[in-house]
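Open the model in your viewer and keep the selection panel at hand. The stops below go from the ligand to the sheets and then to the backbone.

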Amino acid sequence: MAQNTTRIAGRHFLQIPGPAPVPDRILRAMDRPIIDHRGPEFQKLAKRVLDGVKWIFKCSGPVVIYTATGTGAWEGALVNTLSPGDRVLMCNTGHFATLWRNMAKRLGLEPEFIDTDWRIGADPKLIEAHLRKDTQHKIKAVCVLHNETSTGCLTPITEIREAIDAAKHPALFLVDTVSSLASTEYRHDEWGIDVSIGGAQKGLMLPPGMSFNAISPKALEASKDAQLPKSFFAWDDMLAANRSGFFPYTPATNMLHGLSESLDMLHEEGLDNVFARHDRHAEATRRAVRAWGLEILCRDPKYYSPTITGVLLPEGHDADAFRELALDRFDIAFGTSFGKFTGKYFRIGHLGDTNDLTILGALASVEMTLALASVPHRKGGVQAAMDYLIAAAQAPSRAAAE
Ligand code: PLP
């Protein structure tokens, strides 16, 4: 029999910052016959998940579930709350913030973009200063990414809320939590957020193709006067249908089965334990990077991301060639680089259904690829991560939680 040299044994390591691997349990929950989306079984499922996602956002108001990726939920947040020509304040924290700004422009809004060097999150002081200058309150919304996926920088959202309040500015507060939701603390109500934008394919461990708008009473009020054209993304049709447990169009039924299972899994583990797990893996990763003598793209620990670490390679070493080598030799995918840093860094995703051994496997592949690619580094990154994870496993609080 001819030898098949194309088969790769074992599981592919999907270590990009989302889509994250989908657990078998969720795949099995989705693998079922389609049900009537206007029947009682669907109604029960829809009511369960529409209510269940509120717990993830910590939102007491409605959460809209779109059959669309995160980009759709960005659009939903803008078109339902704003009118043509409205000014919106946004922060250039990276590639995804830039895409959202570009969308705002295309929709006929007037974005004002506060710059960063892409190595930190949004700066509350700059936002406050900008809002203070807007004495006529022409800015109608402040739009910030909680976690900038392209760089691995997390913005402290409470500080941005405080900045808006300190400037006594009435703008709506729109927050993208696509790559932080169900991975780190997020409190829609308590943090005074008007629209939270979420996605399915990261902390919720689902396939891509579903996204969310969590809505405050102030945003709902604003939606009554918002004049941007909308149809598919309109909240009013959706909320009216959702009230009785249905959707205004054919919903992604099997994704909703998956979401129901995801919510069960997050309940079983406990959200605080999920967050602690993400923090632990982020810290283990950063310790490995430092032990290798490499630089973390996020330059200020205040903004370290619990879900993504960007790793800069030394001058003269191409990060894309590095990722290709890792994929070729170890069947592991790392995240690509963007903007002015293209080819200079790669991203390690440590989010979703990840455990200590998964992250150690990923770090081992980095250390082996550094050697194969002759990137100058010190050995011992995996050891540093292991030492940290051993200490964490010995901590009494973790033993009590598990
Ligand atoms: N916002 C953030 C922070 C993201 O990371 C992404 C995608 O990765 C998006 C928005 C856009 O989401 P999607 O690619 O699902 O349309």
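A polar contact here is a pair of N or O atoms within 3.5 Å. Keep that cut-off in mind for the first stop, and note that the model is predicted.

**Stop 1: the ligand**

Select the ligand and the residues around it. The shell holds 13 residues, and the closest are Thr69, Thr71, Thr149, Asp176 and Gln201. Show the side chain of threonine 71: one of its N or O atoms is 2.5 Å from an oxygen atom of the ligand, within the 3.5 Å cut-off for a polar contact. Move to threonine 149, where a side-chain N or O atom is also 2.5 Å from an oxygen atom of the ligand. Then select aspartate 176; here a nitrogen atom of the ligand is 2.6 Å from an N or O atom of the side chain.

How much of the ligand's accessible area does the protein cover? On its own the ligand has 380 Å² of accessible area, and the protein covers 88% of that.

Colour the shell by residue class next. It divides into seven polar residues, four nonpolar and two charged. Now select residues 70-81, which form helix α3. This helix supplies three residues, the largest share of the shell.

**Stop 2: the seven-stranded sheet**

Hide the ligand and switch to a cartoon view. Seven strands make an open sheet with mixed pairing, and their order is β2-β10-β9-β8-β5-β3-β4. Its edges are β2 (63-66) and β4 (110-115), each paired on one side only. From one strand to the next the twist averages 20 degrees.

Within this sheet, select β8 (residues 172-176) and β9 (residues 195-199), which pair in the parallel sense over three bridges. To find the register, label valine 175, which stands opposite serine 196 in β9. Aspartate 176, visited at the ligand, falls within the residue range of β8.

Add helix α2 (residues 40-57), which packs on the sheet. The helix touches β2, β9 and β10 (211-215), and its direction makes about 110 degrees with that of β2.

**Stop 3: the three-stranded sheet**

Go to the open sheet with the order β11-β12-β14, whose pairing is antiparallel. The edge strands are β11 (295-296) and β14 (345-349), and each pairs on one side only. Select β11 together with β12 (residues 308-312): the two run antiparallel and are joined by two bridges. Label isoleucine 296 and look across to valine 311, its bridge partner in β12.

Helix α10 (residues 271-292) packs on this sheet and touches β11, β12 and β14. What angle does the direction of α10 make with that of β12? The answer is about 10 degrees.

**Stop 4: two backbone details**

Most residues other than glycine have a negative phi, and most peptide bonds are trans. Two places depart from this.

Select glycine 18 and proline 19: the peptide bond between them is cis, with omega near 0 degrees. Proline 19 sits in the loop between β1 (13-15) and α1 (24-30).

Finish at lysine 168, in the loop between α6 (157-166) and β8. Lysine 168 is not a glycine, yet its phi is positive, at about 50 degrees.

Terms used: Residues are numbered from 1 along each chain as its sequence is written. This is a predicted model: local features need pLDDT of at least 70, side-chain atom pairs count only at pLDDT 80 or more; totals for chains, interfaces and linings use all residues. Side-chain values use heavy atoms; hydrogens and water are left out. A residue is near a molecule or strand if one of its heavy atoms lies within 4 Å of it. A polar contact is a pair of N or O atoms within 3.5 Å; within protein, one must be able to donate a hydrogen and the other to accept it, and residues adjacent in sequence count only if both atoms are side-chain atoms. Accessible areas come from the Shrake-Rupley method with a 1.4 Å probe; for residues, only the protein chains shown count as cover. Helices (H or I, at least four residues) and strands (E, at least two) are DSSP runs, numbered from the N terminus. Ala, Val, Leu, Ile, Met, Phe, Trp, Tyr, Cys and Pro count as nonpolar, Asp, Glu, Lys and Arg as charged, and the others, Gly among them, as polar. Two strands pair if DSSP finds at least two bridges between them. Axes are lines fitted to C-alpha atoms, for helices over the stretch in contact, and angles run from 0 to 180 degrees between N-to-C directions. Contact means heavy atoms within 4.5 Å.
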